Every structure is written in structure tokens, then in C-alpha cells.
Amino acid sequence: MQAQTLHSGRVSLVGAGPGDPDLLTVRALRCLQEADCVVYDRLVSPAILALIRPGACREYAGKGVGHPSAEQQAINARLVALARQYRRIVRLKGGDPFIFGRGGEEALALQAAGIPWEVVPGVTAATGCGAYAGIPLTHRGLAQQVTFVTAHRAAAEDGVDWSSLANSGHTVVFYMGVGEIPTIEAQLQRHGRSGATPVAFVESGCTPEQRVFTGTLDGLTALARQVALQAPALVIVGEVAGLGLRPLSALIPGVAAAA
Ligand SMILES: C[S@@+](CC[C@H](N)C(=O)[O-])C[C@H]1O[C@@H](n2cnc3c(N)ncnc32)[C@H](O)[C@@H]1O
């Protein structure tokens, strides 16, 4: 049986986008300006936190590498508790809450507790970083499909269906891939993707610290080592990574041009 809604505030699961505050939706900004309490993640940029209504309480809920499931349950419980205390709660998450953001788990917990909730979509890292690095994820004649993959369990046997990612004309965007680069390089080639396939790293995309590097699949691990790649970063594999587009956003001061 579902719980009753009793004097509950409402929770907005808000996507903060990949870093640049200009990429917030109008609705996300409105939520931040009306919030009584904001619970935010590690990847939400300081420039976005600065837009929260002065006087709203703020709680950090970034997860470490320890026990993510237990930590997620604690966050779910905390959101339910805050909804019984405040009127407008914002759960602020990097990118889009429903793309590798565990927004679904939080929504399920809120719904089970009878708390009204909504999702405000955000620009996910793949589309934001693609745009700011000059990499169109699809491109007529080069890429007819695009797949977002979590590399979190890339090395596990049941982690990634590599054979489904090996065709040319297919852009593959790996989230959480920095620790799995040798696996990505080896498995894609083992399943038939050419070693000459263009690749790109976008590190801290859509922020003043953005760095973009390009190379080929057979040199992926060496390139990551050479540039000392740091999280958060995306690994983009596909012909579109070799187009060589240079948007203004890839030329802002402090941004390394693609190698
Ligand atoms: C837990 S996932 C969250 C994804 C998020 N919900 C989204 O829609 O973008 C975290 C991963 O997203 C990617 N990511 C997030 N923000 C990024 C950024 N500004 N630049 C590059 N990669 C980013 C990285 O791969 C990072 O490890």
C-alpha cells in the first residue's frame, strides 16, 4: 500500500548540467531561487551553488568510494526527512538526474514515502561536453547512433556488452571511465573496433578547467597517461571525435586545445 501525503513539502530532483551555470534550465534556476533547502552532489560547480536563494539551508551529499549503496539509502532517507520539515526541497545533481544520476532510486524512495516529487532535466555531460569540445555526437555520414555507457563495471564479465559498441558509425560515450581506460581500449578492439578509430577525452567539461585531448583508440591508455587525465572526464569513441571542430568554448583562457 502506498503511504499518504501528510503535510509534506515537495522535492525537486534538479539537473545542474555539467558545470557552466549558463547551461541551467530556467526551471532549474527558479527551483534554486525558491528553495528552502538544497541537497547537492560533489559534481555541482561552485558557480551554480552561488545561485541558491540566500537563507536556504544547504547539505552536501556527495558520495565517496566507500559504500555507495548504503550512502544512497541514507540520502533517500534524508530527503524524506527534509520533506517533512521544509516546503521546497531541491535535490541538486550534476548533469541530468536520470542519466547515471540515481535519480530514479531517489524518486522511488520519495514516492514510497508519499512525498510529491518532480524531475527537472539537466544537460547531461555527454551533450554538454560534446558541444563545448566541438564533438557532435551524431553527424550525417559519420555517426548514425550514439550510446551512453557507464564504465563503472567495465572490467566485470557482465558489465558492458562490448560487441554492441564495436561497429563503426557508432559514437560511444563512456561516463566514469577514467579508471577503466585500458579495458575500454582492449575490449573495443577485441570486439572489432578499428584501432584507428578517433577518440577524445573531455576533462572537467563546460568549466573554466576544461581540457580536451584527441587521439586514436589504439593509443587511448598512453594518451591518458601522457596528459595525466583526471576525473571527471568523458571518453568519447567514434569517428566524430576526429572532425577537428574548434568552438569558442574550446578556446577560452585556461582551456587546452585538442592535442
Ligand atoms: C555519476 S556520473 C553522473 C552523470 C550525470 N548525471 C550527467 O548526466 O552528466 C559522473 C560522471 O559523469 C561524467 N561527468 C560529469 N560531469 C562532467 C564534466 N563536467 N566533464 C566531464 N565529465 C563529466 C564523468 O564521467 C563522471 O565520472
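**Close-up views of a predicted model**

**View 1. G179 in the loop that follows β7.** G179 is found in the loop between β7 and α6, the latter spanning residues 181-190. The model shown in this and the other views is predicted. With a relative accessible area of 66%, G179 is exposed. Its C-alpha lies 9.8 Å from that of L229, a residue 50 positions away in sequence.

**View 2. Aromatic pair of F148 and Y175.** Four aromatic pairs are present in the structure. In the pair shown here, the ring centres of F148 and Y175 are 5.9 Å apart and the ring planes meet at 55 degrees, so the pair is classed as tilted; an edge-to-face pair would need an angle over 60 degrees. F148 belongs to strand β6 (residues 145-150) and Y175 to strand β7 (residues 170-175), so the pair ties together parts that are 27 residues apart in sequence. The two residues can also be described by their accessibility. F148 has a relative accessible area of 29% and is partly exposed, whereas Y175, at 8%, counts as buried. Together with F100, F148 and Y175 form one aromatic cluster.

**View 3. Strand β10 and its covered side chains.** Strand β10 runs over residues 233-237, and five of its five residues are buried. A233, V235 and V237 point one way from the strand, while L234 and I236 point the other way. In a regular strand, side chains alternate between the two faces of the sheet. Residues on both sides of β10 are buried.

**View 4. Pairing of β10 with β7 and β8.** β10 pairs with β7 in the antiparallel sense, over three bridges. Within this pairing, F174 has V235 of β10 as its bridge partner. β10 also pairs with strand β8 (residues 198-203), again in the antiparallel sense, over five bridges. Here V202 has L234 of β10 as its bridge partner. The two β10 residues named in this view, V235 and L234, point in opposite ways from the strand.

**View 5. The residue shell around the ligand.** The ligand has 19 residues around it, of which D96, I99, T124, G205 and A233 come nearest. By class, twelve residues of this shell are nonpolar, six are polar and one is charged. Helix α5 (125-133) and strand β10 each supply at least two residues of the shell.

**View 6. Polar backbone atoms beside the ligand.** A polar backbone atom of P18 is 2.9 Å from a nitrogen atom of the ligand. A nitrogen atom of the ligand is also 2.8 Å from a backbone N or O atom of G205. At A233, a polar backbone atom lies 2.7 Å from an oxygen atom of the ligand. On its own the ligand has 570 Å² of accessible area, and the protein covers 88% of it. A233 is also among the buried residues of β10.

**View 7. The loop between α7 and β10.** This loop follows helix α7 (220-227) and contains P232. A cis peptide bond, with omega about 0 degrees, joins A231 to P232. A228 lies in the same loop, between α7 and β10. Phi of A228 is positive, at about 50 degrees, although the residue is not a glycine. With 44% relative accessibility, A228 counts as partly exposed.

**View 8. S204 in the loop after β8.** S204 is placed in the loop between β8 and β9 (211-216). Its phi is near 45 degrees, a positive value in a residue other than glycine. The neighbouring number in the sequence, G205, is among the residues that come nearest to the ligand.

**View 9. L245 beyond β10.** L245 sits in the segment after β10. With a relative accessible area of 44%, L245 is partly exposed. From C-alpha to C-alpha, L245 is 6.9 Å from I135, although the two are 110 residues apart in sequence.

Key:
Residues are numbered from 1 along each chain as its sequence is written. This is a predicted model: local features need pLDDT of at least 70, side-chain atom pairs count only at pLDDT 80 or more; totals for chains, interfaces and linings use all residues. Side-chain values use heavy atoms; hydrogens and water are left out. Rings of Phe, Tyr and Trp (its six-membered ring) pair if their centres lie within 6.5 Å; planes under 30 degrees apart count as stacked, over 60 as edge-to-face and the rest as tilted. Helices (H or I, at least four residues) and strands (E, at least two) are DSSP runs, numbered from the N terminus. Buried means under 20% relative accessible area, exposed over 50%, partly exposed in between (1.4 Å probe, protein chains only). Two strands pair if DSSP finds at least two bridges between them. A residue is near a molecule or strand if one of its heavy atoms lies within 4 Å of it. A polar contact is a pair of N or O atoms within 3.5 Å; within protein, one must be able to donate a hydrogen and the other to accept it, and residues adjacent in sequence count only if both atoms are side-chain atoms. Accessible areas come from the Shrake-Rupley method with a 1.4 Å probe; for residues, only the protein chains shown count as cover. Ala, Val, Leu, Ile, Met, Phe, Trp, Tyr, Cys and Pro count as nonpolar, Asp, Glu, Lys and Arg as charged, and the others, Gly among them, as polar.
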